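Grab a pencil and work through these exercises with the model open beside you. Try each task before you read its solution.

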Amino acid sequence: MPVHYTLGQLAELLGVECRGDAATVITGLATLAAAQPGQLSFLANRQYLADLRVTRASAVIVAAEFAGDAPCACLVSAQPYLSFARASALFDTAPAEVAGIHPSAVVDPGAELAADVSIGPGAVIGAGAVIGEGVCIGAHTVVGPDCRVGAGSRLHARVTLYHRVRIGAQCVIHSGAVLGADGFGFAPGPQGWEKVHQLGGVWIGDGVEIGANTTIDRGALDDTVIGDGVIIDNLVQIAHNVRIGDGSAIAGCVGIAGSAVIGKRCTIAGGAGIVGHVEIADGVHVTGMTMITGSIAERGSWSSGTTMDTTRNWRRNAVRFAQLDKMARRLARLEARLDGLNRDKDNDNSEAHKV
């Protein structure tokens, strides 16, 4: 069924101020540039102020300082992006799952399922698995033996949980995610690599969202642990025995090596890499493509690498990077010589004053 609200209803539901005709009907959300009459948009970045001034939206969510730039009604919010996020929930069109077990699903007799779960076509539920109230298991998802999925969680199609993976309540795991695969543990032996069998599990807290095709390996001995409220983007690799604190956010294509410990409320931007066995304090922000090679003991923003440049200039500078050590040594020698010359000059002046 189509969703619609009056602007007044939205203001009340979002807890914001309505400036304009409260009877205006809103039928959907759109960007400032693409919005049409009947739609609601938002401004969270002044970079798009020009789009705000010409938008065709019927209303926009804006901070008070930009309300005068809007050519339409406004929902004035102290945090426009947060208000937009809450509005998006009101207009969500994802189909609701109906409780029940599809005839093609395979559920082991030893599994324990709440009465109102939804199990999709081709899904497999292993022995000893416990599926909580209101859980939705998508088509062809595999929940391995002795796994636990907390109340209200949703596993989209083709998610794979190996054995002994614990998912908390109200979690969302997107398609293709694999939780509990073996960590990358091998010991060199006389005949080649010998596997270190991974005996731990994976523990996911409450309210966690895990993106598509993300992988979280099981621990070697202890569990790999993801705290409450963590959000993880697509295509992230989290190795064995990693621990991520509550409320942290990990963007796409991040790689985290084994036994790294990340604090609470950290943000790791896309493409960053974190080596193993390091500890990162609470509240640390790591910028995109940064390589973290050591522990970070205090909050703040951390970066590495070089900025974008034309290929020609980058190649020239890459050559200079290799010469930095030689240049530093040469500079040190020159400074030492200069200091010597200055001392000799001071001594000469001192002798002259004596005469």
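**Exercise 1: Charges and surface**

Work out how many positive and negative side chains the chain has, and how far apart the centres of the two sets lie.

*Solution.* Keep in mind that this is a predicted model. Start with the count: there are 28 positive side chains and 34 negative ones. Next, take the centre of each set; the two centres lie 11 Å apart. While you're at it, look at the surface: the accessible area of the chain is about 19,800 Å², and carbon and sulfur atoms account for 55% of that.

**Exercise 2: Overall form**

Decide whether the chain is a compact globule or more spread out.

*Solution.* First, list the elements: the chain has four helices and 39 strands. Now compare two numbers. For 355 residues the globule rule gives 20 Å, but the radius of gyration of this chain is 28 Å, well over that value, so the chain is more spread out than a compact globule. Then check the box that the C-alpha atoms fill, which is roughly 105 × 70 × 40 Å along the principal axes. Finally, look at burial and contacts: 37% of the 355 residues count as buried. Of the contacts between residues at least 6 apart in sequence, 17% join residues at least 24 apart.

**Exercise 3: One residue in a loop**

Find Val 159 and say whether this residue is buried or exposed.

*Solution.* Begin with the place: Val 159 sits in the loop between strand S17 (154-155) and strand S18 (160-161). Buried means under 20% relative accessible area. Val 159 has 0%, so it is buried. Who touches it? Skipping neighbours within four places in sequence, the contacts of Val 159 include His 140, Val 142, Ile 173 and Ala 177. As a distance check, the C-alpha atoms of Val 159 and Ala 139 are 8.8 Å apart, with the two residues 20 apart along the chain.

**Exercise 4: Parallel or antiparallel?**

Work out how S22 pairs with S23, and how S33 pairs with S36.

*Solution.* Recall that strands of a sheet pair through backbone hydrogen bonds, in a parallel or antiparallel way. Take S22 (residues 186-189) and S23 (residues 192-195): four bridges join them, and they run antiparallel. A hairpin of two residues links S22 to S23, and Ala 187 has Glu 194 as its bridge partner.

Now go to the open sheet of nine strands, ordered S10-S13-S16-S19-S24-S27-S30-S33-S36, where the pairing is parallel. Its edge strands are S10 (112-113) and S36 (279-280), each pairing on one side only. Two bridges join S33 (residues 261-262) to S36, and these strands run parallel. Val 261 is matched there with Glu 279 in S36.

How values were computed:
Residues are numbered from 1 along each chain as its sequence is written. This is a predicted model: local features need pLDDT of at least 70, side-chain atom pairs count only at pLDDT 80 or more; totals for chains, interfaces and linings use all residues. Side-chain values use heavy atoms; hydrogens and water are left out. The radius of gyration is taken over C-alpha atoms; the globule rule is 2.2 Å times the number of residues to the power 0.38. Buried means under 20% relative accessible area, exposed over 50%, partly exposed in between (1.4 Å probe, protein chains only). Contact means heavy atoms within 4.5 Å. Accessible areas come from the Shrake-Rupley method with a 1.4 Å probe; for residues, only the protein chains shown count as cover. Lys and Arg count as positive and Asp and Glu as negative; His and the chain ends are not counted. The place of a charge is taken as NZ of Lys, CZ of Arg, CG of Asp or CD of Glu. Two strands pair if DSSP finds at least two bridges between them.
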